[in-house]
Amino acid sequence: MPRNPVERAGALGDQVSDDLRRRIITRELPSDAVLVESKLAEQYDVSRGPVRDAIRTLVQEGLLENRGRSARVIGLHAADVDELFALRAALEHMALDFSTQSNREELVEALEQALEEMREAVRSNDPQAFTRADMRFHSSFPRSAHLRRIHEMWSQFQRTIGDLLLVANLEHDHLEPSLRKHEQLAAMISAGNDAAALAELADHLNASRRRIRRDYAGAPDEDEILIR
């Protein structure tokens, strides 16, 4: 396996977990693959400490199963996508509700900054930049809510959700429809149409879940549960 040295600056465990997460979600590391601490440390050119930190993080995210000095890849399937998006919908709904009540101006400003990044990504047809901006848009809800526990829960799973979105976005050349949906949601929030915004957010997230469930997990659309 080729060596993948990571940058010494910053948290090495985070860098290792970010790369392993991406490789699990893209299925470069398939389900049931066994990851050995010593081999990962050699591959990433780090000590075993950052590798253990990375494994611990990915176990908490449900992507790995700890086996002492190794770990088994669990991967993601249709039911996992449903569960992740159910959690996402609950967190974003609560965060949006709180942030519009107390910090609307801050939220609207953050959403517009994310939208500008999305527009630039559309102009340059850059799915990776678009996905980063998309996650920044949705992360604006828990940030503007200023609720520590909600933000921590969102932070725990946002990288997995972002990587799933990126895999789905790489399959689609036309990003503008998604941009328009985000612009519509931001306009509702800015205008104070909070009930409409919450309903639009639910529809938006359910459509995203269905697309990822179909394109990533290969699961059919019928009999899906509408997330509200």
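Visitor: Which residues does L166 touch, not counting those up to four places away in sequence?

Guide: L166 touches P127, Q128 and T131 in this predicted model. Contact here means heavy atoms within 4.5 Å.

Visitor: Where is L166 found, and is L166 buried or exposed?

Guide: L166 is found in helix α7, and at 19% relative accessibility L166 counts as buried. Buried means under 20% relative accessible area, exposed over 50%, and partly exposed in between, with a 1.4 Å probe and protein chains only. Helices (H or I, at least four residues) and strands (E, at least two) are DSSP runs, numbered from the N terminus.

Visitor: How far apart are the C-alpha atoms of L166 and R22?

Guide: They are separated by 9.8 Å, with L166 and R22 being 144 residues apart along the chain.

Visitor: Before I go on, what are the ground rules?

Guide: Residues are numbered from 1 along each chain as its sequence is written, and side-chain values use heavy atoms, with hydrogens and water left out. As this is a predicted model, local features need pLDDT of at least 70 and side-chain atom pairs count only at pLDDT 80 or more, while totals for chains, interfaces and linings use all residues.

Visitor: OK, what does pLDDT average over the protein?

Guide: The average is 88, and 89% of the residues score at least 70. pLDDT is the predictor's confidence in each residue, from 0 to 100.

Visitor: Which elements have the lowest and the highest mean pLDDT?

Guide: Helix α7 (residues 148-169) has the lowest at 89, and α5 the highest at 97.

Visitor: And where does pLDDT stay under 50?

Guide: One stretch is residues 5-10, with 13 contacts beyond four places in sequence in the model. Another is residues 222-228, with 17 such contacts.

Visitor: Switching to the overall build, how many helices and strands are there?

Guide: Nine helices and three strands. Along the sequence the pattern reads α-β-α-α-β-β-α-α-α-α-α-α. Of the 228 residues, 46% are buried. Of the contacts between residues at least 6 apart in sequence, 69% join residues at least 24 apart.

Visitor: In what order do the strands sit in the sheet?

Guide: The order is β1-β3-β2, in an open sheet with antiparallel pairing. β1 and β2 stand at the edges with a single partner strand each, so one side of each is left without a neighbour in the sheet. Neighbouring strands are turned by 30° against each other on average, direction ignored. Two strands pair if DSSP finds at least two bridges between them.

Visitor: Which helix packs on the sheet?

Guide: Helix α2 (residues 37-44) does, touching β1 and β3, and its direction makes about 70° with that of β1. Axes are lines fitted to C-alpha atoms, for helices over the stretch in contact, and angles run from 0 to 180 degrees between N-to-C directions.

Visitor: How many bridges join β1 to β3, and how many join β2 to β3?

Guide: Three join strand β1 (residues 34-36) to β3, and three join strand β2 (residues 64-66) to β3. V36 has S70 as its bridge partner in β3. R72 in β3 stands opposite V34, and E65 also stands opposite R72.

Visitor: Are the faces of β3 buried or exposed?

Guide: Both faces of β3 (residues 70-73) are covered, with S70 and R72 buried on one side and A71 and V73 buried on the other. In a regular strand the side chains alternate between the two faces of the sheet.

Visitor: What about the hairpin of β2 and β3?

Guide: Three residues lie between the strands, and G68 takes a positive phi near 75°.

Visitor: Back to α5: what span should that helix have?

Guide: Its 20 residues (104-123) should span 28 Å at 1.5 Å a residue, and the end C-alpha atoms are 28 Å apart, which agrees. The expected span is 1.5 Å times one less than the number of residues. The buried residues of α5 pack against α4, α6 (127-145) and α8 (176-191).

Visitor: Last one: which side chains make polar contacts with R88?

Guide: E92 at 2.6 Å and H138 at 3.5 Å. A polar contact is a pair of N or O atoms within 3.5 Å; within protein, one must be able to donate a hydrogen and the other to accept it, and residues adjacent in sequence count only if both atoms are side-chain atoms. R88 sits in helix α4 (residues 78-102) and counts as buried at 2% relative accessibility.
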